[in-house]
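Trainee: I should like to go through the terms applied to this model and ask what justifies each of them.

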Amino acid sequence: MHRSRDLGALVFLDLRDREGIVQVSFDPAFTDAAALERAAKVGVESVVLIEGEVALRPAELRNAELETGEVEVRASAITVVGPADTPAIPVARGRGTPLPAEELRLRHRHLDLRRPELQRALILRHRLAQVTRRYLSENGFLELETPILTKPTPEGARDYLVPSRVHQTEFYALPQSPQIYKQLFMIAGFDRYFQIARCFRDEDLRADRQPEFTQIDIEASFVQQDDVIAFTEGLVQALFAEAGVQVTTPFRRMAYADAMERYGIDRPDLRYGMELSDVSDVFRGTEFGVAATVLDAGGRFRAVVAPGGAKFSRKEQDELTAMAKGAGAQGIIFLKRHGDALEGPVAKFLRPDAIARLGLNDGDLALVVAGPDHVTSPALDRLRQEVARRLDLVPADAHELLWVVDFPMFERDPKTGALAAMHHPFTSAQPEDRALLASEPWRARARAYDVVLNGTELGGGSIRISDPADQAQVLQLLGIDAETAEKRFGFLLEALRAGAPPHGGIALGFDRIAMLLSGAGSLRDVIAFPKTTAARALFEGAPTPVPAEDLHELGLQADHGGTE
């Protein structure tokens with residue numbers, strides 16, 4: 001029972017199920033007195049059975065806001081089968097009424113899940129899963145399962161460890177992804193695999209991250225990058241169509257280096273312009289004291305231009321500066337054009353052609369950040385996104401899909417020079433860059449690709465290493481010696497030595513796709529029983545302490561702050 005209206009002689013109940021709401025009327029003309037009395041006493045959220053006749057409402061009483069607004073059920077009987085206490089949080093809300101606090105809603109998730117908005121999101125999630133299975137099955141992929149209890153194989157985040165009772169002091173891990181197992185399927189000859197896979201990562205949370213999540217996991221043999229991109233585009237197109245969004249293929253492509261230079265990030269939002277530019281020449285040779293220091297150290301001056309941004313107040317500029325500093329920059333140089341004049345604290349140091357070289361129109365504001373690229377890129381990316389939001393330059397109904405390709409194989413630690421895999425250690429090098437692995441591995445490009453929607457990564461993949469010698473070389477470059485490699489990845493290396501076809505694939509974030517297509521505000525709105533940002537399940541009360549005797553059976557004991 002969604003809500004009720006007791007008019008004395010008449011009682012109206014709005015009944016709700018997952019399909020929607022319908023009005024039920026209790027009228028002495030077709031309802032006996034006992035049923036009318038019971039209807040008047042039904043508590044909100046109680047579960048009822050109704051017998052009656054579906055009838056057209058009088059024209060003047062029809063409700064255009066309800067899908068069922070032209071009809072009502074004229075009840076002849078009512079039975080309360082699930083009486084309800086007063087709900088801890090409201091399910092029925094008036095227009096404009098704010099939701100209760102999220103933690104309160106998560107604590108009473110069984111009630112929160114009754115909200116039509118959440119039910120629609122989870123129903124869409126179901127439909128997206130069915131589209132995935134249908135599309136991939138029709139394209140020759142087999143839905144195969146991989147283990148949940150597996151071997152710890154660090155892939156960039158912490159594993160969730162599961163102690164073994166049978167083999168005390170030994171542990172399983174929950175999979176961060178099915179990566180190695182899906183490669184084993186290719187080596188075993190299954191050719192095309194997919195799975196809507198549960199994955200687990202013990203890492204810090206945010207709105208778009210959960211400790212357990214779902215991905216559409218895909219792998220295929222005898223494919224190149226273009227093959228994976230083609231069937232992924234078909235799947236994405238089918239998923240979007242299910243949500244009523246039409247997208248065209250092929251998607252745009254952009255090299256990683258180009259994305260970083262023009263947007264400062266490897267997942268750029270292409271719904272608006274405001275590309276970054278190198279404006280080092282505007283400052284080179286001037287008397288601006290910082291310029292020579294930055295440029296002599298190999299840094300650059302890079303800028304993003306905010307069209308019409310000269311109207312930003314001092315307070316807004318201070319907020320943008322704080323944002324840039326939060327991303328690692330020392331600060332922002334603001335330069336704005338009024339008429340033919342360039343204004344700003346450092347404008348006096350610049351040559352007369354600075355306006356043209358900065359690309360400023362009248363009323364524009366240039367936000368300049370100085371330093372090495374690993375400092376300026378993240379700062380300018382943050383500024384570009386925030387300025388676009390403040391200037392209302394982001395079209396809400398646009399869907400800009402993009403492939404970012406030609407990623408570096410490795411990232412270098414700026415302090416130690418140590419290499420880390422940009423994606424994961426099973427990604428192969430571009431054929432023309434393989435020779436660089438022996439001399440300048442940090443310059444080698446990977447056969448890796450990410451698909452991006454409006455600045456959000458939907459998924460990523462690569463063509464894998466199929467030669468065991470190449471795999472050993474990459475692990476060695478990552479500082480993993482042969483003995484350690486056998487301990488961590490021995491079962492993959494053994495399988496590769498049995499003969500492996502060329503293969504590759506992709507993993508798409510299913511939760512994230514469902515969130516974007518449903519218009520939800522966070523992943524928690526498309527996951528039935530999510531965790532909080534503190535990694536707690538408030539409804540179930542997990543995690544929870546375990547009795548000492550249960551730990552003892554596992555060969556464990558709790559360490560409370562270093563004391564037994």
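Trainee: What makes strand S13 (residues 300–306) "mostly covered"?

Mentor: In this predicted model, 7 of the 7 residues of S13 are buried. Buried requires a relative accessible area under 20%, so each of these residues falls under that limit.

Trainee: How do you know that both faces of S13 are covered?

Mentor: In a regular strand the side chains alternate between the two faces of the sheet. On one side of S13 stand Arg 300, Arg 302, Val 304 and Ala 306, and on the other Phe 301, Ala 303 and Val 305; all are buried.

Trainee: Why are S12 (residues 277–278) and S13 called paired strands?

Mentor: Pairing needs at least two bridges, and 2 bridges join antiparallel S12 and S13, so the condition is met. The partner of Ser 277 in S13 is Ala 303. S13 also pairs with strand S16 (residues 365–371), in the antiparallel sense and over 7 bridges; there, Arg 300 stands opposite Gly 371.

Trainee: What makes the contact of Arg 125 and Asp 511 a salt bridge?

Mentor: The N to O distance between their side chains is 2.8 Å, and the cut-off is 4 Å, so the pair qualifies. Arg 125 belongs to helix H4 (residues 116–138) and Asp 511 to helix H15 (residues 510–518), 386 residues apart, which makes this a link between distant parts of the chain. Both Arg 125 and Asp 511 are buried. Asp 511 is also among the positions covered by the UniProt annotation "binding site", taken from an unreviewed entry.

Trainee: Why is Asp 258 called partly exposed?

Mentor: Its relative accessible area is 30%. Partly exposed lies between the buried limit of 20% and the exposed limit of 50%, so Asp 258 belongs to that class. Arg 262, at 23%, is partly exposed as well. The two side chains meet in a salt bridge with an N to O distance of 2.9 Å, and both residues lie in helix H7 (residues 256–263), 4 residues apart, about one turn of the helix.

Trainee: How do you know that Glu 486 and Arg 497 form a salt bridge?

Mentor: Their N to O distance is 3.5 Å, which lies within 4 Å, so the criterion is satisfied. Glu 486 is in helix H14 (residues 482–496), while Arg 497 is in the loop between H14 and strand S22 (503–509), so the bridge ties together parts 11 residues apart in sequence. Glu 486 is partly exposed, at 39% relative accessibility.

Trainee: What makes the span of helix H6 (residues 225–242) agree with expectation?

Mentor: At 1.5 Å a residue, its 18 residues should span 26 Å, and the end C-alpha atoms are 26 Å apart, so the two values agree. Among the buried residues of H6 are Val 228, Ile 229, Phe 231 and Leu 235. Gly 244 follows H6 and has a positive phi, near 85°.

Trainee: Why are Asp 202 and Glu 203 not called buried?

Mentor: Asp 202 has a relative accessible area of 29% and Glu 203 has 25%. Buried would require under 20%, so both count as partly exposed. Asp 202 lies in the loop between strand S9 (192–200) and strand S10 (212–221), and Glu 203 lies in the loop between S9 and S10. Beyond four places in sequence, Asp 202 touches Arg 158, Asp 159 and Tyr 160, whereas Glu 203 is in contact with Ala 157 and Arg 209.

Notes
Residues are numbered from 1 along each chain as its sequence is written. This is a predicted model: local features need pLDDT of at least 70, side-chain atom pairs count only at pLDDT 80 or more; totals for chains, interfaces and linings use all residues. Side-chain values use heavy atoms; hydrogens and water are left out. Buried means under 20% relative accessible area, exposed over 50%, partly exposed in between (1.4 Å probe, protein chains only). The expected span of a helix is 1.5 Å times one less than its number of residues. UniProt positions are given in the numbering used here, feature names are shortened, and annotations may be inferred rather than shown by experiment. Contact means heavy atoms within 4.5 Å.
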